[in-house]
Amino acid sequence: MNLTRSMLVFALIALAFLAACSRAPQATVGDIAIERPWVRAMAPGAPAAGGFAALTNTGDRPDRLVSASTPDAQRVEIHEMRMDQDVMRMRQLADGLPLPTGTRVELKPGSYHLMLVSPKRRFMQGERVTIELRFERAGKHQVVFPVKPMLNEDGGDDHH
């Protein structure tokens, strides 16, 4: 009975540790936590690729994602997609992406995202793309973005 109880306690501690690790940020720069970064794999001949992540401003002052860059693409633009009279429209955010105090902003398909324009290679599932994110207050940080399947919607694990 004691051995079974000890194994159960160990298993619960291990699960709690794994749960805590899975929620830990991929990176932190200043007061900005960067979680679940990923780039969508590209179809042959695609002129651009999308980059996604969750950005949380844990500080007491607003910040802004002002730019991004990678040696793997000609340029990286910060984009927004939104509905406009029943039509989905995409536009570049020339002034960057605001990150209000204490909020989490999701860069995800169909919403805010990074657009890697004119990639120098086709991004394939399983590869990695390093992107430097530059914030108005927090500074800059290089983040590794794993390349996920084209049909992936949230950057989570593949369910195949």
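A residue counts as buried here when its relative accessible area is under 20%. W38 sits at 1%, so it is buried by that cut-off. F52 comes in at 4%, so the label is buried there too. The model behind these values is a predicted one.

As for the overall layout, the protein has 1 helix and 11 strands. Going along the sequence, the order is α-β-β-β-β-β-β-β-β-β-β-β, with the helix ahead of the strands. Of the 160 residues, 37% are buried. Take the contacts with a separation of 6 or more, and 64% of them turn out to join residues 24 or more positions apart. The protein exposes about 9,800 Å², and 55% of that area is supplied by carbon and sulfur atoms.

Back to W38 and F52. The structure holds 1 aromatic pair, and these two residues form it, with 4.6 Å from centre to centre and 35° between the planes, a tilted arrangement. The pair links distant parts of the chain: W38 belongs to strand β2 (residues 32-40) and F52 to strand β3 (residues 48-57), 14 residues apart.

Nonpolar side chains in soluble globular proteins tend to be buried together. In this model, the largest nonpolar core has 30 residues. Those with the most contacts inside that core are I34, L114, L116, I131, L133 and F135. Which strand gives the core its largest share? That would be strand β10 (residues 128-135), with 4 residues. I131 gives a feel for the packing: leaving aside residues up to four places away in sequence, I131 touches V39, A68, S69, T70, L114, L116, H141, Q142, V143 and F145. Two of the residues on that list, L114 and L116, are also among those with the most contacts inside the core.

Turning to charged side chains, the count comes to 10 salt bridges. One of them pairs R36 with E106, at 3.1 Å from N to O. This pair also links distant parts of the chain, with R36 in strand β2 and E106 in strand β8 (residues 104-107), 70 residues apart. R36 is partly exposed, at a relative accessible area of 39%, and E106 is partly exposed as well, at 23%.

E106 has another partner in R104, and the closest N and O atoms of that salt bridge are 2.7 Å apart. R104 has a relative accessibility of 39%, which makes it partly exposed. Through shared partners, salt bridges join E35, R36, R104 and E106 into one network. E35 is found in strand β2, and its side chain makes a polar contact with the side chain of R104 at 2.7 Å. Buried or exposed, then, for E35? Its relative accessible area is 13%, so E35 falls under the 20% cut-off and counts as buried. The network therefore brings together a buried glutamate, E35, and three partly exposed residues, R36, R104 and E106.

Elsewhere, E80 forms a salt bridge with R91, the closest N and O atoms being 2.9 Å apart. E80 lies in strand β5 (residues 73-84) and R91 in strand β6 (residues 87-92), so the bridge ties together parts that are 11 residues apart in sequence. The two ends have their own labels: E80 is buried at 10%, whereas R91 is partly exposed at 44%.

Now for the backbone. Most residues other than glycine have a negative phi. Q85 goes the other way, with a positive phi near 55°. Q85 lies in the loop between β5 and β6, the strands that hold E80 and R91. With a relative accessible area of 74%, Q85 is exposed, because the label applies over 50%. S118 also has a positive phi, of about 55°, although it is not a glycine. Where does S118 sit? S118 is found in strand β9 (residues 113-119), and its relative accessible area of 33% makes S118 partly exposed.

Terms used
Residues numbered from 1 in each chain as written. Predicted model: local features only at pLDDT ≥ 70, side-chain atom pairs only at ≥ 80, totals over all residues. Heavy atoms only, no water. Phe/Tyr/Trp six-rings, centres within 6.5 Å; stacked < 30°, edge-to-face > 60°. Helix = DSSP H or I, 4+ residues; strand = E, 2+ residues; numbered from the N terminus. Buried < 20%, exposed > 50% of the residue type's maximum accessible area, 1.4 Å probe, protein only. Salt bridge = Lys/Arg side-chain N within 4 Å of Asp/Glu carboxyl O. Core = buried A, V, L, I, M, F, W, Y, C linked by side-chain atoms within 4.5 Å. Contact = heavy atoms within 4.5 Å. Areas by Shrake-Rupley, 256 points an atom, 1.4 Å probe, with all protein chains shown as cover. Polar contact = N/O pair within 3.5 Å; in protein donor to acceptor, adjacent residues only side chain to side chain.
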